[in-house]
Amino acid sequence: RVQISPKAIVSDACASYSTLEKLNSKVNPAINDLTRTTDFFSHYRLNLFHKTCPFWNDENGMCGNIACAVQTLDNEEDIPMVWRASELGKLEGPRAKHPGKSARREHAEKPLQGGLGDNVGESCVFEYDDECDERDYCVPEDEGASSKGDYVSLLENPERFTGYAGDGAAQVWDAVYRENCFQKSSFPQSAQLGTSSKDNGPAALDFKHVLDAAGRQQVLESQRQVKPDIPFVAKTGLEAEDECIEKRVFYRVISGMHASISTHLCWDFLNQTTGEWTPNVACYKARLHRFPDRISNLYFNYALLTRAVAKLGPHLAGGYTFCTGDRGQDASTRAKVLAVTEAASSVPQIFDESLLFKNGEGPSLKEDFRNRFRNVSRLMDCVGCDKCRLWGKLQTAGYGAALKVLFEADNHKESGEAVVPALKRTELVALFNTYARLSSSMSAIQKFRAMVEEQELAA
Ligand code: FAD
């Protein structure tokens, strides 16, 4: 039984790596099928342009590269039926209203779609507002049909190299990692992060001139302000038993997400000489290969999401309605979801969430953890590249959904069984797409590793 304890460093257990890679060979085709061939999971709705950075003035950090642009679906007829506001509007009405807080509290005693009427799943609910469930780890995207929502096809806007770099990007990563400082007294409240830096970064980057072979802006290491993994390694390496699990998990989730983003930008990299999109081994070496802890954190995230998806499986199998408006499409979407959840369940429980928020200061850390993760999701509005912001928002929402499934399940009053909290449509789509991102990062890393070995043999 291979279990990745939140305490363990994945990289020191080769068996865990290979177990996860073997698992991924089953998950990868299923998750690709789900996210690439169903309307429900290949599209997303979010506030891409209508929220401003709540922490600082980011006007100067905008990326003007064409690769940063996102194509949104602006005409109703281009939006798949399952996502059209007019279709969702049909679900309006007292029975289909999203359960408010009181209803959510009752939820622990009900199955996922209780109280919403026959064939109306939680995911069908027409959601009007940004109302935040106290159990959310993310600031919810507006799901309403108001003009605030932007519809995107995730297939048309792949996560890949954009050339977004420099001070603007560094400032966001820096702030994201600072959320890991749980010491309340020494950490400035996030609202105070907004020190209103007006000169934080170049505008449109002409990446032909300023980026090196690894796709990074050429900045002297000594000029860099963000070096989060250096102090972390020193402080919370294997030997650092004083670091509590919760803080460690928080860091690993962020670092693993960062590593996955780096993997995709290196894997789908624009060769500026040939104009081709191609894997860039130098980029992989500079950002990942030399930092096994980053790769280990990515694998850690894969284990965490695998557990969340497996835990969600029985709840989705029990009649979750995907409201495509077409029974056949509903059934095929459900079958594809179940193929993923079954693949994710094909290994023994791989991540033990019960170890967190338990002893010592654990329980009191939960709210802090949740609030800090919400801040990370808010920081995504400070990302100055539309494409990066899209995927940053989607992935923080995906991790937020996973954390909610893992840590916010209530126990059924009578049976004592875990009742997974209801996920909104966007949370579900974000969760499965984030899992797909991690799955493809793992495949890319395996291929990159082979390329490096080949290069070394040839040298
Ligand atoms: P960065 O990746 O900016 O890292 C900054 C510092 O963080 C490093 O110097 C290092 O000390 C530390 N660090 C790096 N990786 C890790 C890790 N895994 N764990 C811990 N510490 C680490 N660019 C794209 O081309 N495509 C995208 O889709 C994209 N999405 C982005 C999404 C977000 C939310 C953000 C903030 C940026 C995104 N970027 C994207 C930009 C990209 O992540 C880099 O910031 C950029 O390529 C510059 O890279 P860098 O080498 O300067 O280091």
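These are my notes on what I looked up in this structure, which is a predicted model.

**Entry 1. The whole chain**

I began with the overall counts. The protein chain has 14 helices and six strands. Of its 459 residues, 44% are buried. I then looked at how far along the sequence the contacts reach. Among contacts with a separation of 6 or more, 82% join residues 24 or more positions apart.

**Entry 2. The annotated cysteines**

I looked up the active site next. The unreviewed UniProt entry puts its "active site" annotation on Cys385 and Cys388. I found Cys385 in the loop between α12 (362–379) and α13 (386–407), while Cys388 is in helix α13.

Are the two residues buried or exposed? I count Cys385 as buried, because it has 26 C-beta neighbours inside 10 Å and the cut-off for buried is 20 or more. Cys388 is also buried, with 22 such neighbours.

I listed the contacts of each, leaving out neighbours within four places in sequence. Cys385 is in contact with Cys63, Cys68, Thr162 and Tyr164. For Cys388 the list is Cys68, Thr162, Tyr164 and Val383. Cys68, Thr162 and Tyr164 appear for Cys385 and again for Cys388.

**Entry 3. The annotated binding site**

I went on to Thr162, since the cysteine lists had brought it up. UniProt, again in an unreviewed entry, gives a "binding site" feature at Arg160, Thr162, Trp173, Ser255, His258 and Arg287. Thr162 is thus in that annotation and in contact with Cys385 and with Cys388.

I checked two other residues of the feature. Arg160 is in the loop between β2 (150–153) and α5 (167–178). Arg160 is partly exposed, with 16 other C-beta atoms within 10 Å. Beyond residues up to four places away in sequence, Arg160 touches His264, Leu265, Asp268 and Trp277.

His258 is in helix α8 (residues 245–267). With 20 C-beta neighbours inside 10 Å, His258 counts as buried; the cut-off is 20 or more.

**Entry 4. Helix α10**

I looked at α10, which runs over residues 292–317 and has 26 residues. From its first C-alpha to its last the helix reaches 37 Å, close to the 38 Å expected at 1.5 Å a residue. Where does α10 bend? I found a bend of about 25 degrees at Lys311, with a proline, Pro314, following within four residues.

I also checked how enclosed α10 is. The helix is largely enclosed by the rest of the structure, because 21 of its 26 residues are buried.

**Entry 5. Two residues that pack against α10**

I took Ala344 and Phe432 as two places to look from. Ala344 is in helix α11 (residues 327–344). Ala344 is buried, having 24 C-beta neighbours inside 10 Å. Not counting neighbours within four places in sequence, Ala344 is in contact with Val27, Thr306, Val309 and Ala310. I also noted Leu305, which is 39 residues from Ala344 in sequence and 8.9 Å from Ala344 in space, C-alpha to C-alpha.

Phe432 is in helix α14 and is buried, with 25 other C-beta atoms within 10 Å. Its contacts, apart from neighbours within four places in sequence, are Ile31, Leu34, Thr35, Phe41 and Val340. The C-alpha atoms of Phe432 and Val309 are 7.9 Å apart, although 123 residues separate the two along the chain. Val309 had already come up as a contact of Ala344.

**Entry 6. α13 against α14**

I went back to α13, the helix that holds Cys388. How do α13 and α14 cross? The axis of α13 and that of α14 (residues 425–458) come within 7 Å and cross at roughly 105 degrees. That makes the two helices roughly perpendicular.

I wrote down which residues meet. On the α13 side they are Leu394, Gln395, Ala397, Gly398, Tyr399, Ala401 and Ala402. On the α14 side they are Thr426, Glu427, Ala430, Leu431, Asn433, Thr434 and Arg437.

**Entry 7. An unusual phi**

My last look was at a backbone angle. Phe357 has a positive phi of about 55 degrees although it is not a glycine. Most residues other than glycine have a negative phi. I placed Phe357 in the loop between α11 and α12. With 18 C-beta neighbours inside 10 Å, Phe357 is partly exposed.

Technical notes. Residues are numbered from 1 along each chain as its sequence is written. This is a predicted model: local features need pLDDT of at least 70, side-chain atom pairs count only at pLDDT 80 or more; totals for chains, interfaces and linings use all residues. UniProt positions are given in the numbering used here, feature names are shortened, and annotations may be inferred rather than shown by experiment. A residue is buried if 20 or more other C-beta atoms lie within 10 Å of its own, exposed if 12 or fewer, and partly exposed in between; C-beta atoms are placed from the backbone. Two residues are in contact if their C-beta atoms, placed from the backbone, lie within 7 Å. The expected span of a helix is 1.5 Å times one less than its number of residues. The bend at a residue is the angle between axes fitted to the seven residues ending there and the seven starting there. Axes are lines fitted to C-alpha atoms, for helices over the stretch in contact, and angles run from 0 to 180 degrees between N-to-C directions. Angles under 35 degrees count as roughly parallel, over 145 as roughly antiparallel, 65 to 115 as roughly perpendicular and the rest as oblique.
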